[in-house]
Amino acid sequence: MEDEGQGAATGRRTLIGTSWKMNLVPSEAAAYLDALVPAVRDVLDRDLFVLPAFPALATVRERLTGSNVAWGAQDVHPEDRGAHTGDVAAPMLADLGCGYVEVGHAERRRDHAEGPGLVARKVGAILRWGMRPIVCVGETRRADPATTATALVGDLDTILGGVTAADLPRVIVAYEPGWAIGEGAAAASPEEAAAVHLGLRVWLDALAPEGRSVRIIYGGSVSPANAGPLLGRPAVDGLFVGRHALDPLVFAAIARTGIRRT
Ligand code: PGA
């Protein structure tokens, strides 16, 4: 078994981001970023991102261009263009400067019956257009970490099956246990999250040498209180924050967790 500390030596940069989900109209997004950008300006030892809803993307691009915070989208259609009313294609997101696109979130699997085959096609579109897919995987019911990791590896095997070794370093995996997401839920313990991450890490590392560059971030009730202990685990390469990041200064506090000044 790979020990948890080994991954930290591979130079994966810490990644901390938030999805606003279906929150913040464009004018609220502008005010949010006016508070966030100065509060994280000196956070240079890690990568940061925000994922607004589609209507706020142009505003977010305007506010974040030239800053140290990247932006992206919460979903994408697998095809590049065509008769798909209401959908948004990867070239549109790339044109808006998106660096990241989230796919496979538990809420999309629940609300839109998305499965791993469709998520795999979305990953293909994101990579084709030069962006980074954030692939969310997670169990609905809490189980022991080894059982969970085995199930999630099955999901990832389908989702990442078509990804070339050269493209792997752009992939981000987000471990998001369904039972830990949303109002009233509690985060996985750092030990539990680390154990699942380690199971995924072993599989990714065995895929190809480039698999070692894939970052595995944790999401599900991340808050300023648990961000430190979670990030303190070498198997946890970053954090994906939901409702607690709807306040820009709380997100800034989480983004600054364990900051190193050089
Ligand atoms: P939450 O959402 O932080 O509100 O639990 C996390 C997520 O869905 O990524």
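These exercises, with worked solutions, go through one predicted model.

Residues are numbered from 1 along each chain as its sequence is written, and side-chain values use heavy atoms, with hydrogens and water left out. Because the model is predicted, local features need pLDDT of at least 70 and side-chain atom pairs count only at pLDDT 80 or more, while totals for chains, interfaces and linings use all residues.

**Exercise 1. The ligand**

Task: State which residues surround the ligand, and sort this shell by class.

Solution.

Step 1. List the neighbours. A residue is near the ligand if one of its heavy atoms lies within 4 Å of it. The ligand is surrounded by Lys21, His105, Glu176, Ala180, Ile181, Gly182, Gly220, Ser221, Gly242 and Arg243.

Step 2. Sort them. Ala, Val, Leu, Ile, Met, Phe, Trp, Tyr, Cys and Pro count as nonpolar; Asp, Glu, Lys and Arg count as charged; the others, Gly among them, count as polar. The shell then has 2 nonpolar, 5 polar and 3 charged residues.

Step 3. Look for polar contacts. Such a contact is a pair of N or O atoms within 3.5 Å; within protein, one must be able to donate a hydrogen and the other to accept it, and residues adjacent in sequence count only if both atoms are side-chain atoms. Lys21 places a polar side-chain atom 2.7 Å from a ligand oxygen. Gly182 uses a polar backbone atom, 2.8 Å from an oxygen atom of the ligand. An N or O atom in the side chain of Arg243 is 2.8 Å from an oxygen atom of the ligand.

Step 4. Check the cover. On its own, the ligand has 280 Å² of accessible area, and the protein covers 98% of it. Accessible areas come from the Shrake-Rupley method with a 1.4 Å probe; for residues, only the protein chains shown count as cover.

**Exercise 2. Lys21 and Leu24**

Task: Say where Lys21 lies, and what is notable about its phi.

Solution.

Step 1. Place Lys21. Helices (H or I, at least four residues) and strands (E, at least two) are DSSP runs, numbered from the N terminus. Lys21 lies in the loop between strand S1 (15-19) and H1.

Step 2. Read the phi. Lys21 is not a glycine, yet its phi is positive, about 55 degrees.

Step 3. Compare with Leu24. Leu24 also lies in the loop between S1 and H1. Its phi is near 75 degrees, again a positive value in a residue other than glycine.

Step 4. Classify Lys21. Buried means under 20% relative accessible area, exposed over 50%, and partly exposed in between (1.4 Å probe, protein chains only). Lys21 is at 22% relative accessibility, so it counts as partly exposed.

**Exercise 3. Two histidines**

Task: For His77 and for His197, find the location, the burial class and the polar contacts.

Solution.

Step 1. Start with His77. It sits in the loop between strand S3 (69-73) and helix H3 (90-95). Its relative accessibility is 13%, so it counts as buried.

Step 2. List contacts of His77. Its side chain reaches the backbone nitrogen of Glu79 at 2.9 Å. The side chains of His77 and His84 are joined by a polar contact of 3.4 Å.

Step 3. Turn to His197. This residue lies in helix H7 (residues 190-207). It is buried because its relative accessible area is 0%. The side chain of His197 reaches the backbone oxygen of Ala235 at 3.1 Å.

**Exercise 4. Sequence and space**

Task: For each pair below, give the separation along the chain and the C-alpha distance.

Solution.

Step 1. Take Ile134 and Val173. They are 39 residues apart along the chain, and their C-alpha atoms are separated by 5.7 Å. Ile134 is in strand S5 (residues 132-137). At 0% relative accessibility, Ile134 counts as buried.

Step 2. Take Pro116 and Arg256. They are 140 residues apart in sequence and 33 Å apart in space, C-alpha to C-alpha. Pro116 belongs to helix H5 (residues 116-128). Its relative accessible area is 28%, so it is partly exposed.

Step 3. Take Asp34 and Trp20. Their C-alpha atoms are separated by 16 Å, at 14 residues apart along the chain. Asp34 is in helix H1 (residues 26-40). With a relative accessible area of 44%, Asp34 is partly exposed.

Step 4. Take Asp155 and Cys136. They are 19 residues apart in sequence and 10.0 Å apart in space, C-alpha to C-alpha. Asp155 is found in helix H6 (residues 145-159). Asp155 is buried, at 15% relative accessible area.
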